[in-house]
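Me: I would like to go through how the parts of one chain in this structure meet, step by step.

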Amino acid sequence: MTATGIGAPVRRKEDQRFITGRGHYTDDHARPGQVYAHFIRSPHAHAKLTKIDTAEASRMPGVIAVYTGEDFAVDKLGSLICGWMVNSRDGSPMNMAPNPALAAGKVNHVGDAYAVVIAETLAQAKDAAEKVVTDFEILPAVIDPVEAQKKGCHQIHECAPDNTIYRWHIGDPDANAGAMKKARHVTRLDFINNRLVPNALEPRAAVAEYDVGAEHFTLWTTSQNPHVARLVISAFIGVAPEHKLRVIAPDVGGGFGSKIFIYPEEVVCLWAAKKVARPVKWTADRSEAFVTDAHGRDHVTHAELGFDENNKIVGMRVKTIANLGAYMSTFSSAVPTYLYATLLSGQYDIPSIYCEVDSVYTNTVPVDAYRGAGRPEATFVVERLMEVSARELGVDPAELRRKNFVRSFPYQTVVASLYDAGDYDASLAKAMDIHDVKGFRQRKRESARRGKLRGLGYSTYIEACGVAPSAVVGSLGAGVGLWESAEVRVNPTGSVEVLTGSHAHGQGHETTFAQLVSERLGIPIDNVTVVHGDTDKVQFGMGTYGSRSGAVGMSAIVKALDKVEAKAKKIAAHLLEAAEGDIEFKDGMFSVAGTDKSIGFGDLALAAYVGHKFPTSEIEPGLKEGAFYDPTNFTFPAGCHICELEVDPDTGAVRIDRWTAVDDFGTVINPMIVEGQVHGGIAQGVGQALLEHAVYDKDGQLMSGSFMDYAMPRAENFPTFQVGMTETKCPSNPLGMKGCGEAGAIAAPAAVMNAITNAIGTEHIDMPATPAAVWRALKQSAPAQAA
Amino acid sequence: MASVTMTVNGKQTSADVDERTLLVQFLRENLRLTGTHVGCDTSQCGACVVHVDGVARKSCTTFAWQVDGAKITTIEGVANGSTLHPMQEAFREHHGLQCGFCTPGMIMAAIDMVNRKGNDLDDKTIRHELDGNLCRCTGYHNIVKAIAAGAKAMAK
């Protein structure tokens, strides 16, 4: 390992600009002559728009235009789309309702935009918005997905009877019923997986500009996947042709999934920029973000896990109702199906699984992928079932897991996933060791002396990263292939630019990707620049989500580097007057095997562009290669998280005392960055378990719609984390990488809830386990004691 | 309109601004000092923390006219030329940032924390003092480490 190569904790190249305040986020961009957009949003969860009077607003100082959904509809642009077709079990296609960028006729959730004011200043736009008079005919609202499916509930969209988008399933119901019948013991649980708000610290923003002469649009936007945004905006919505639209996602302040999707605001800004012939800027307020950024999770689930007399699992049955909100967001359909049910086997050998998923519309903000996306929900089901089963069966929870671990790879689950490599015993054992599980009883006694209830919970999770291969996801309804692209440009001076279709919004690609190039080409890491997030620079890319940038994005870079090396060897052979097969490349030197003849990478790069000393009729000048990498399988990171906490029985307050995470991410390029990803994931998972909840009242008002009301995790909520690694290489990609971005968020909720229920002795508590919820659960389980 | 004069990062500046102009808007839009960020609208996240006469202040809930005559330091003004402030250096060394959006406010709050609490900061103190600063990426683990190390380095 070199000081900056694979495996080194290299300090991040991108940090210099961030710690000095010189980053360039979308809102930092100011275009000459720019004007501001302010959206007018529905204050009602469900209402007909009977009249919108914009006359007075249009006369307000500084106002350039006021547009309504009716104005937008005139241009007959396409709807926002969900790009993953999921069919119901009867083969019928999902019921995707129209999702115009500006609502016309009817609004379907609080925050649904139906008009926009464009003015010289933001204050003027906001002042004018106050003068828009709208008559609403308020309609009944439905928030709960179970209620939404009931007979008698109003129908939100014409295309969706029972407000149901699809009734999907995986597995054979009859065979599963037979398997479950043979179980000696069945554990049954009902769960609510609480709705979350992603809350990346940088609010979404867009700056749109139209060049009248060139008939060309430019959009700066907070996107995790600018090429996909360009494709959807051009091919489906039709605001601008693809070759006349440049999308730039500059520094992006966190995404966690919420910035994958194509949102109304960037579409409207582009459309309006042409109409008013001025650059149009919009930046979300946090309050606006709460009612427009796609939310996460929101499942209602009943699950059963059956065991034989030897405590071996014989079958699992799951029924989930997923709330997708008022419209289908870009990838929403896939989250509770292909990213959820396919992980229900966990780390276990389960011979029969049947899972039904109904996705439904409600009058709430659309729900889509949020860190983990389906996999945290699956892990929560599996790991809560395992822990509760162990308690019901009277066996040690670690032992029950060991009894059922998958140990032979590759392992084909009954829910379509093909696990390629792993060692679940190793991560469990290492986590138990680091955590000092043996000392738990002693610590529990010590807590009891102080009147506190101590609990310990495991979560031995699995996730699937790098959604793949394209042919498979295509057959499952994905509208895009899920490969990645890369281009390696070697400059005449020997410095290198790597153009990647991945996008960094906190993950440190500028460093990690440069480490790979530095090691492969034997050049200093400072001579490598990673270019991403600009459709004019990078030809195409699928972006960053689902922990895919290492396993898929870096694999594409490896392929491009292979091609660079191959061409460089041809050139070296000519320069060194040797056979191509005799050229070796090591530590930045091309040499002829068995001789002292060699040429350094920098000299070769210059020679490649000068072209004097090799036949340019046989070998083209230049040294630049591109590659597309389509994975052959998902990757399957896995590990074990252990949460230990104390509950104060008087107040219900929970204090996490220690946290151990041991993860198997395959090859790790930069352990410092990887550990950082684990820390952040844990914090979001703990946030879900203890603090966070998007709470709606019955009328569809978001009650936790600001940082005053929505409990974001703070520094005081956490102990110092203990993070360890185990390693089994992923066999399907050249570097053996698996992905690390979501593991913490996937593992953590179950670990916390397993620990709390272990401490308080009752399973009847939902997330978030606020002090009030814990106190209530304690009272209900032991009313005599609590009184 | 309000007339404001202030010294920002050592440079005196004057402007006539709408009375509603917040300090953060004045910094970001009038002076184009975009290192100070806005992450919320309820004064909770702390991405907008700057120093007003040496004391941390949330610039998103301060009108520009309220700091008329004051000395303002923003994240762009804490380094000494090309030499980073020890707290900036510590955030890099300990991987105390990921997306970087909360970072300017974190660093400004951390320097203020050291000014008030001294150079020997324990984990508990740092976590408590960070109550007004939100980070969604790091789980705070490395921010706490960075601030402890930065505080020590500031004593040198």
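Me: How many residues of domain 1 of chain B are in contact with domain 2 of chain B?
Reply: This is a predicted model, in which local features need pLDDT of at least 70 and side-chain atom pairs count only at pLDDT 80 or more, while totals for chains, interfaces and linings use all residues. Residues are numbered from 1 along each chain as its sequence is written, and chains are lettered from A and ligands numbered from 1 in the order in which they are written. The domain assignment (automatic or from a database) gives domain 1 as 2-77 and domain 2 as 86-155 in chain B. With contact taken as C-beta atoms, placed from the backbone, within 7 Å, eleven residues of domain 2 of chain B are met by residues of domain 1 of chain B numbering 15.

Me: Which element gives the most to the side of domain 1 of chain B that touches domain 2 of chain B?
Reply: Strands here are DSSP runs of E with at least two residues, and helices are runs of H or I with at least four, numbered from the N terminus. On that side of domain 1 of chain B, the elements giving two or more residues are strand E4 (55-58) and strand E3 (49-52) of chain B. The most, three residues, comes from E3(B).

Me: At what angle do helix H2 and helix H5 of chain B pack?
Reply: Axes are lines fitted to C-alpha atoms, for helices over the stretch in contact, and angles run from 0 to 180 degrees between N-to-C directions. For H2 (residues 86-93) and H5 (residues 141-155) of chain B, the axes lie 8 Å apart and the angle is about 145 degrees.

How values were computed: Two residues are in contact if their C-beta atoms, placed from the backbone, lie within 7 Å.
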